[in-house]
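Load the model and keep the selection panel open. The tour goes from the whole chain to single elements.

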Amino acid sequence: MILDQKELYLSENSQSLPEKTKLKEAMKSESDENTSKTTSRRNVGLLYDERMCNHFDPLDDYHPETPNRIRSIWNKLQTTGITDRCVILDAKEAEDKQLLSVHSAKHVNQIKKISSKSFNSRNNIAARLNSIYFNEGSTEAAYLAAGSTIEVAKRVASKELHSGAAIVRPPGHHAEHNEAMGFCLFNNVAIAASYLLDETPEFGVKKILIVDWDVHHGNGTQKMFWNDSRVLFFSVHRHEFGSFYPANDDGFYDKIGEGAGAGYNINVPWENGGCGDADYFAAWDHILLPVAKEFNPDIIIVSAGFDAAVGDPLGGCRITPFGYSVLLKKLTDFAEGRIVLVLEGGYNLDSIAKSTHACLEVLLEDKPLTGSSETHPFESTWRVIQAVRQKLSPFWPTLACEIPQKIIGQVAPPPHTLLSSSDSETEDDKAPLKLKNIADLLSKLKVDADEECDASCSWRSELSNVYIWYASYGSNMWRPRFDCYIAGGQVEGMQKTCPGSLNKTLPNEILWKTFPCRLFFGRDSSYSWGPGGVAFLNPQTNSQLKTYLCLYKISLEQFNDVLFQENVLSLDADSSLFDMTTLNDISKKEFSSQEVVKDSWYGNVVYLGKDQDIPIITMTCSGLAIESFKSGKLPLRPPNKSYANTLIKGLVEGEQLSEEEAIAYIDAAAVAELL
């Protein structure tokens, strides 16, 4: 167009031939230069809108899902000149019909009206949800996040742009059909994918690859395409056998989809924190990329959470900005490089800004990647990858072959032995928040500021004079170990310090009893003791078995604090986990139970009877987890030496068994089959 206009100018002004020739040569040079610039980088769309910052927690200025998340990214992209090299798109609000493609009318209406409700009403609704807050800006932000994701996806799918990034919040991948959860109000990625598949046939998008590299499992997105072969959903996440948020079995590798969608749902569930570049590269090279080649998607949407990044306070993993750029670069070989990045989690402002910047550089193809990742994957990483390949091989023949031993034999030290550095810390080094229920860990999320103290003090006051026998069968049988849960501290062998109960009065009454239950050991590692199994109790009675339990007389308030600590939850809670109503409910029958912390390792409270007319209660894993231990889905494993020694000390110092008898008792429980 510029060349034509200049030629017209020449004709109209009747320049001499030599002058025309010189000017045409200059125009040709300019045109060639512009063409070179155009082909040297791709048209990349970028969308950000400050209005999405109007959604914030009105009760907690330090909530991790803060407006500064997207501000920090945008500032980084501006200062580095990325915004000048991208096509800046205008944000748009989603239409209700687009939201209804994946969400129920009840859910859409709730979010649509939530900001117009009163302050207390919003907080009451949020309190009934899992890790959610609302304010007067929530509705607009949620509609903008979903609509803006659609806008970027539409521009890329229509080939107007080669790729794009939606810097949006609130995030979306936890949001389910009928419920907000995990900081997510609408499922932005699922809404955009549904729009491309069902509303815009002119774009020719028939197959979509969704890659979710957020550190948490994308439970909402998984469920929305569970039966749909048009969407290949791939989620790599920290799982820890269901103890990491969202703390259920949905993210396990055996969840592969059903019906037409069987084989099109791929979960890579890390068994531990500390996973970094090498672990993710291995998952890409040995699972995702071979399957993506067979699937041959028309477009790729990345649920780009950056909470697996170095330094993230919630993730506890160690991907570098270079690592993210490599993961993205590997995806550009598919779908003609048509990729849409959509922000999900990420709570270290520096990490998410640098990681997003690195990814935009890849999409723009302006600069070569620089960096290195010299470490190897963890041994557990190879174990997970092999399990995933075996499960999915009937659907994807490319996964049927075995990975050469020379590859899987190269492993990094276990994560608990890694040393921290100035810019990289493992979970054991820094102990980032281990998500079971984000709302429990960050208890101020759901509480009216004026009512919080009163609520907390109220339940504690009510339960401080109610006494129970807490029956311990594991390391708490040793009195010094149990005292850590009351007074705080740690004993030899423990890797973490206990904060202790708010009521630090130590028990002065102790009993020993035996019960006809099954003691067993499971899990690969634990928060307090590191590698090795820990004790669980199968509360099904068996008259031939004899399990030793040490009973401590403590208040129901203190028992709640033990529950909080056993399940890695905050003591600063506005309500108890186990109250008088629940105690009365389960006290009607011996060995009845109630799961008070859903899907957690020690969230199931069991009633064992009474002594001196005082209830005896203990805690163990859920019945579902016990069945998983029986079937082999969860690993049975003997305890490590330090952990076993605490049990032995408890039995010996409690004058229940000799040292030899105690060792034999623990050894027998560790190897016996769980029936």
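A residue counts as buried here when its relative accessible area is under 20%. By that cut-off, 59% of the 675 residues in the protein chain are buried. Keep in mind that this is a predicted model.

**Whole chain**

Colour by secondary structure. The protein chain holds 24 helices and 18 strands. Switch on the surface: its accessible area is about 27300 Å², with 48% belonging to carbon and sulfur atoms. Now look at contacts between residues at least 6 apart in sequence. Of these, 74% join residues at least 24 apart.

**Stop 1: helix α3**

Select residues 68-79. This is helix α3, with 12 residues. From first C-alpha to last, α3 reaches 16 Å, close to the 16 Å expected at 1.5 Å a residue. Which residues of α3 are buried? Show R69, I70, S72, I73, W74 and L77 as sticks. Then add what these buried residues pack against: β1 (44-47), α4 (82-85), β2 (87-89), β8 (339-343) and α13 (349-364). Step on to G81, which follows α3 and has a positive phi, near 85°.

**Stop 2: strand β4**

Select residues 208-212. In strand β4, 5 of its 5 residues are buried. In a regular strand, side chains alternate between the two faces of the sheet. Check both faces of β4. I208, I210 and D212 lie on one side, L209 and V211 on the other, and all are buried.

Which strands pair with β4? Add β5 (residues 231-238): it runs parallel to β4, joined by 5 bridges. L209 has L232 of β5 as its bridge partner. Trace the chain from β4 to β5. It passes through helix α10 (residues 219-224), and this β-α-β crossover is right-handed. Now add β7 (residues 299-304), which also pairs with β4 in the parallel sense, over 5 bridges. Here I210 stands opposite I301.

**Stop 3: a mixed sheet**

Select β10, β15, β9, β18, β17 and β16, in that order. They form an open sheet of 6 strands with mixed pairing. β10 (510-515) and β16 (593-595) each have a single partner strand, so one side of each is left without a neighbour in the sheet. Neighbouring strands of this sheet are turned by 35° against each other on average, direction ignored.

Zoom in on β16. It runs antiparallel to β17 (residues 604-611), joined by 3 bridges. Q594 stands opposite V605 in β17.

Finish with helix α20 (residues 556-566). It lies across β9 (467-472), β15 (547-555), β17 and β18 (614-620). Its direction is at about 120° to β15.

How values were computed: Residues are numbered from 1 along each chain as its sequence is written. This is a predicted model: local features need pLDDT of at least 70, side-chain atom pairs count only at pLDDT 80 or more; totals for chains, interfaces and linings use all residues. Side-chain values use heavy atoms; hydrogens and water are left out. Helices (H or I, at least four residues) and strands (E, at least two) are DSSP runs, numbered from the N terminus. The expected span of a helix is 1.5 Å times one less than its number of residues. Buried means under 20% relative accessible area, exposed over 50%, partly exposed in between (1.4 Å probe, protein chains only). Contact means heavy atoms within 4.5 Å. Two strands pair if DSSP finds at least two bridges between them. A crossover is right-handed if, with the strands pointing away from the viewer, the path from the first strand over the helix to the second runs clockwise. Accessible areas come from the Shrake-Rupley method with a 1.4 Å probe; for residues, only the protein chains shown count as cover. Axes are lines fitted to C-alpha atoms, for helices over the stretch in contact, and angles run from 0 to 180 degrees between N-to-C directions.
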